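Work through these exercises with the structure open beside you. Try each task before you read its solution.

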Amino acid sequence: MEEACELCHRNPVKTTEHHLIPKQHGGTNGPTAVLCSACHRQIHALFTNEELAGFYHSLERLADYPGMKRYLGWVKKQASEKRIATRTSNRKKR
Ligand SMILES: [Zn+2]
Ligand SMILES: [Zn+2]
């Protein structure tokens with residue numbers, strides 16, 4: 001589907017559905033957000049499912065995280081058709 005991403009607000013972008021509470025944590029029927037694949041991958045690169053379920057289950061909280069803010073400032077300047085490479089943060093590799 002092509003529409004606006006709820007996090008970076010680029011438009012139109014190919015979007016995917018993100019479960020704000022991961023399915024593994026009971027979020028199967030919970031709220032979802034419509035995200036471009038770059039934002040979606042970035043979220044899962046920065047946060048574990050436990051962190052998503054425990055605190056980062058709203059777009060406001062996700063967008064407020066420093067690593068996410070930095071990413072969003074950058075990605076907004078990228079053309080929506082561009083493929084964006086996501087690097088897994090060192091935090092998560094711990
Ligand atoms: Zn996005
Ligand atoms: Zn997701």
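**Exercise 1: Two sides of a helix**

On the other side of helix 4 from its buried residues, Pro66 and Arg70 are exposed. This is a predicted model.

Task: Find the buried residues of helix 4, and decide how they are arranged around its axis.

Solution.
- Step 1. Helix 4 covers residues 66-75. Its buried residues are Gly67, Met68, Tyr71, Leu72 and Val75.
- Step 2. Look down the axis of helix 4. The buried residues fall within an arc of 130°, so they line one face of the helix.
- Step 3. Recall the general rule. An α-helix has 3.6 residues a turn, so residues three or four places apart point the same way.
- Step 4. Now find the cover. Helix 1 and helix 3 (59-64) are among the elements that cover the buried residues of helix 4.

**Exercise 2: Building the sheet**

Task: Work out the order of the strands in the sheet and the sense of their pairing.

Solution.
- Step 1. Start with strand 1 and strand 2 (residues 13-19). Two bridges join them, and they run antiparallel.
- Step 2. Check the partners. Glu2 has Lys14 in strand 2 as its bridge partner. Glu3 stands opposite Val13, also in strand 2.
- Step 3. Move on to strand 3. Five bridges pair strand 2 with strand 3, again in the antiparallel sense. Here His18 stands opposite Ala33 of strand 3.
- Step 4. Put the pieces together. The three strands form an open sheet in the order 1-2-3, with antiparallel pairing. Strand 1 (2-3) and strand 3 (32-36) are the edge strands, since each pairs on one side only.
- Step 5. Keep the general picture in mind. Strands of a sheet pair through backbone hydrogen bonds, either parallel or antiparallel.

**Exercise 3: The loop between strand 1 and strand 2**

Task: Examine the backbone at Pro12 and at His9.

Solution.
- Step 1. Locate both residues. Pro12 is found in the loop between strand 1 and strand 2. His9 lies in that loop too.
- Step 2. Read omega. The peptide bond from Asn11 to Pro12 is cis, with omega near -5°.
- Step 3. Read phi. His9 is not a glycine, yet its phi is positive, at about 60°.
- Step 4. Is His9 buried or exposed? Exposed means over 50% relative accessible area. His9 has 55%, so His9 is exposed.

**Exercise 4: Two zinc ions**

Task: List the protein donors of each zinc ion, then describe the geometry at ligand 1.

Solution.
- Step 1. Take the zinc ion (ligand 1). Its protein donors are Cys5 (SG), Cys8 (SG), Cys36 (SG) and Cys39 (SG), at 2.2 to 2.4 Å.
- Step 2. Write the spacing in sequence. For ligand 1 the pattern is C-x2-C-x27-C-x2-C. Of these donor residues, Cys36 and Cys39 are both buried.
- Step 3. Test the angles. Four donors count as tetrahedral if all angles lie between 85 and 135 degrees. The four donor atoms at ligand 1 subtend 103 to 115°, so the arrangement is tetrahedral.
- Step 4. Turn to the zinc ion (ligand 2). His18 (ND1), His40 (NE2) and His44 (NE2) are its protein donors, lying 2.0 to 2.1 Å from it. The spacing is H-x21-H-x3-H.
- Step 5. Trace the chain. His18 in strand 2 and His40 in helix 1 are 22 residues apart, and the pair links distant parts of the chain. Both His18 and His40 are buried.

**Exercise 5: An enclosed helix**

Task: Decide how far helix 1 is enclosed, then list what Ile43 touches.

Solution.
- Step 1. Place helix 1 (residues 37-46). It lies across strand 2 and strand 3, at about 115° to strand 3.
- Step 2. List its buried residues: Ala38, Cys39, His40, Gln42, Ile43, Ala45 and Leu46.
- Step 3. Conclude. Seven of the ten residues of helix 1 are buried, so it is largely enclosed by the rest of the structure.
- Step 4. Zoom in on Ile43, which lies in helix 1. Its relative accessible area is 0%, so Ile43 is buried.
- Step 5. Count contacts beyond four places in sequence. Ile43 touches Leu7, His18, Leu35, Leu52, Leu62 and Met68.

Conventions:
Residues numbered from 1 in each chain as written. Chains lettered and ligands numbered in written order. Predicted model: local features only at pLDDT ≥ 70, side-chain atom pairs only at ≥ 80, totals over all residues. Heavy atoms only, no water. Pairing = 2+ DSSP bridges. Helix = DSSP H or I, 4+ residues; strand = E, 2+ residues; numbered from the N terminus. Contact = heavy atoms within 4.5 Å. Axes fitted to C-alpha atoms, helices over the stretch in contact; angles between N-to-C directions. Donors = N, O, S within 2.8 Å, 3.2 Å for Na, K, Ca; no water. Tetrahedral: all angles 85-135°; square planar, octahedral: opposite > 155°, others 65-115°. Buried < 20%, exposed > 50% of the residue type's maximum accessible area, 1.4 Å probe, protein only. Arc of directions from axis to C-beta.
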